[in-house]
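The following exercises concern one strand and its surroundings. Each task is followed by a worked solution.

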Amino acid sequence: MSFSAATHAVSRNPASGDVLSARPYINEQQVDAAIAANHQAFQQWRRQPLTLRAQKLRDLAAAIRARSEEMAQMITAEMGKPILQARAEVEKSAQLCDWYAEQGPAMLATEPTLVENNQAVIEYRPLGPVLAVMPWNFPLWQVLRGAVPILLAGNSYLLKHAPNVMGCALLIEALFNDAGLPANVFSVINATNAGVSQAINDARIAAVTVTGSVRAGSAIGAQAGAALKKCVLELGGSDPFIVLKDADLETAVKAAVAGRYQNTGQVCAAAKRFIIEREIADAFSEKFVAAVQQLKMGDPRVEENTIGPMARYDLRDELHQQVTATLAEGATLLAGGDKLAGEGNYYLPTVLGNVTPEMTAFRQEMFGPVAAITVADNAEHALQLANDSDFGLMATIYSGDETLAADMAERLECGGVFINGYSASDARVAFGGVKKSGFGRELSHFGLHEFCNVQTVWRNRR
């Protein structure tokens, strides 16, 4: 049976193409009803003591762990993440809940100011219902890294998830119910773009958070701005991975492979542009290609496989067009470079050499298992190449001179820099970018305060 993507959210197993589910999109009246229920739940939730809200996050962590294998299998079935990586995503999400339950209340405590006699203090108040438009590549983590601090602050959360992972979305909603949160304080809407626009323009929605493509972020951000709604955008990246001539080459290569090919390369903050100092470029390329060719691709349910199918066939086709264009522009094919024959959305782990700044793989985000290698004349040239991008999410520097690396980090135009380590996200530190990678921050106290009304309260001012 076939279903129209215009009328149904269709989930297909990317390893086989089989339809897993097809859920009709809700209409205008159903969107309105969902917003009303979420807004009503917010009115109850905001009055709950902060200690109770924190305890519910601990309960959520327990609920996630109780159904961890079910959640991991759903992630793997719907978007093709290798099963060991899916299990790691689930546990990381549970740890996020634990961390905010432990550390978050202190971050929301009343803050004194420098005003004499404590006449003025800062209070962190909730804003209201937050609409979240989330992607498919980390179906649980992406949702929770926003939802957990948003809910702890006393807001409610209305999730519009990617159509191909609606099974994950509904399971996440069930986990919140298992944890005993009030009904509808976390709720899911299976809405079209028109439904998202309706929600943004609804007075009951206080703010919007988006993780996704530049195109989606630009469109939704423009609507949120027109409606005067707070908005956080976490968008694409074309992250540079700089390796200088004094780096430990074996360590850098190992990190480069891990940093690029995790989640089959479908990570916004993954290393994508490998900028290598000329003296070691050939040696790096040789070792990197050899390591990439050892990656095991296949059924993501098999634990030995580290590369699965891409999440959707159209994304695989788009990636192949980018690879083909880059080769036509003069790049060298060092590994892969084509779709894998047979069923499933598999794309061979690919390495492109001799990539220069005017080429497609340098200028565009490559959202799949493709690495682009560019040669830099020296450290200063590497820095210039790294900043020569519309994106500014994360960056990596491998060097034996940490003073030099720290100086370069200061001048990199991005939201996060890793020195002798590759990109990751962690509840304890802020995550986000600049330029076309978006604005605002998730995680740490920054993510917690993004969706708060930072209220100054004066007492007996004279």
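**Exercise 1.** Which residue stands opposite Val243 in strand 16?

*Solution.* The model is predicted, so local features need pLDDT of at least 70 and side-chain atom pairs pLDDT 80 or more, whereas totals for chains, interfaces and linings use all residues. Residues are numbered from 1 along each chain as its sequence is written, and side-chain values use heavy atoms, without hydrogens and water. Strands (E, at least two residues) are DSSP runs numbered from the N terminus, as are helices (H or I, at least four). The partner of Val243 in strand 16 is Tyr398. Strand 16 (residues 394–398) runs parallel to strand 10, joined by three bridges; pairing requires that DSSP find at least two.

**Exercise 2.** Determine how strand 10 connects to strand 11.

*Solution.* Strand 10 pairs with strand 11 (residues 271–277) in the parallel sense through five bridges. Phe241 has Phe274 of strand 11 as its bridge partner. From strand 10 the chain passes through helix 9 to strand 11 in a right-handed β-α-β crossover (clockwise from the first strand over the helix to the second, with the strands pointing away from the viewer).

**Exercise 3.** Why is strand 10 described as largely enclosed by the rest of the structure?

*Solution.* Five of the five residues of strand 10 (residues 239–243) are buried, so the strand is largely enclosed; buried means under 20% relative accessible area (1.4 Å probe, protein chains only). Asp239, Phe241 and Val243 point one way, Pro240 and Ile242 the other.

How values were computed: Buried < 20%, exposed > 50% of the residue type's maximum accessible area, 1.4 Å probe, protein only.
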